[in-house]
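Colleague: Could you take a close look at one part of this model for me? I would like to hear about the disulfides and what surrounds them.

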Amino acid sequence: MTRSRRTALSTGAAALTLALGVALAGPSYAGEQPSNTEGSNTEQSGGSDGTGIYAAARITYSGSVAKGGGTGNVTSSDVNWAPPPCWYAPYLGAEDFKKEMSKDIEGQMNTPGMGGHAGAALSELQRHYEDEYGWTDTPGYKDYNVDKDGEGMFWAAVENPDEPDLLKRNSCNDLPFWVDNGEAPPPQYEEAITPEILAALAYQHMQLPDTEVSLAPEGTTKVNLPTWAWLDKAVFDEVQATAALTVPGFALQATTTATPVSLKLEPGTDDAETYPASGECTIDADGSIGEPYAKGKADQNPPCGITYLRSSDDGAFDLRATVTWEIAWTGTGGTGGDLPDGTFGNDQAVTVQEIQSINR
């Protein structure tokens, strides 16, 4: 018997939650906070303490990634872009899947009061994995595919633990499905893990370095005195973060690279002029941004800098320096492409004093 896979899943949604008893998104672990060149390892895996079921798939992050396995500090320039809220990944081999799934189904079927639509859905779920009961574009399995144990794995949904929207996190709601080793998942599973998804996850976890701009005068400047700003190439360089997933018969990885391209200065007050007028200082041919102040240039406007038009009184202005990074990725099988530019900024205090004059 076959019918719409979506109809079957809709009918048995409640039973599926009960039967699996598992949300495949779990705790993360990380190493030390990295700099541009020091890496850390973060493992993100699925599991449920309530059932003892754990996904075999573990996404490992390395390179410049956030401490503790959380989101990094990159803000996408594309407000419509977001990392994947969920995906499908290798879960368990046939023997292990049979053991866990059949135990859960039997346990739920024996729950007092289990009947009606939920009970019928559980029966369909059992027949799907035991008696080749399927739906359109989703064939069933004979005895949980145990005769193919070691030749592939069942894949299941994984929630992105850093996705705040619960509905989006739960949007990968298809039943676990079988994939032979070395084969691609069936095309209807558009959210099946790929190098591009791993690249987006590496982007989400990427940690860009703090950006403190060199200033002249440093810290304290004068009203109407041009303040020069610059970043040496040695201060910042490209940053990389890698996400990898490896299980028996399946391995993918992707490296996301962020390259600095410009610096935007926001003086912290409207009573200021920026150089250039847009406040956007582009990268130079040698990889630096702006130009250090040198003796004899006091009467010149800097290629990158600010002139404050009033004092900060007894306080200071918060100069915000934001670097824009071009972000691209490469992955398994020669895959690769571009991701939206990312930004990250820091504030630094600038005291602006009035120029004192003496009348004689």
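**A close look at the disulfides**

Modeller: Happy to help, and please keep in mind that this is a predicted model. Let me begin with a covered helix and then turn to the cysteines. Among the residues of helix 6, Pro195, Ile197, Leu198, Ala199, Ala200, Leu201, Ala202, Tyr203, Gln204 and His205 are buried. That makes 10 of the 11 residues in helix 6, which spans residues 195–205, so the helix counts as mostly covered.

Now to your cysteines. How many disulfides does a search of the whole structure find? There are two. As a reminder of the chemistry, a disulfide is a covalent bond between the sulfur atoms of two cysteines.

One of the pairs is Cys86 with Cys172, and their sulfur atoms lie 2.0 Å apart. The torsion about this S-S bond is about 80°, so the disulfide is right-handed. Cys86 belongs to strand 5 (residues 86–92), while Cys172 sits in the loop between helix 5 and strand 7, so the bond ties together parts that are 86 residues apart in sequence. In residue numbers, that loop runs between helix 5 (166–169) and strand 7 (177–180).

Are these two cysteines buried or exposed? Cys172 has 7% relative accessibility and therefore counts as buried, the cut-off being under 20%. Cys86 is buried as well, with a relative accessible area of 3%.

The surroundings of Cys172 are worth a look on your screen. Leaving aside residues up to four places away in sequence, Cys172 touches Cys86, Trp87, Tyr88, Ala157 and Glu191. Its bonding partner, Cys86, is thus on the contact list too. Val158 is another residue to find: Cys172 and Val158 are 14 residues apart in sequence, and their C-alpha atoms are 7.6 Å apart in space.

The other pair is Cys281 with Cys304, whose sulfur atoms are 2.2 Å apart. This link is right-handed too, with 90° about the S-S bond. It joins distant parts of the chain: Cys281 is in strand 14 (residues 280–282), and Cys304 is in the loop between strand 15 (289–290) and strand 16 (305–308), 23 residues away. Both of these cysteines are buried.

Finally, the pairing pattern: if you number the bonded cysteines of the protein chain in sequence order, they pair as 1-2, 3-4.

Methods
Residues numbered from 1 in each chain as written. Predicted model: local features only at pLDDT ≥ 70, side-chain atom pairs only at ≥ 80, totals over all residues. Heavy atoms only, no water. Helix = DSSP H or I, 4+ residues; strand = E, 2+ residues; numbered from the N terminus. Buried < 20%, exposed > 50% of the residue type's maximum accessible area, 1.4 Å probe, protein only. Contact = heavy atoms within 4.5 Å. Disulfide = S-S within 2.5 Å.
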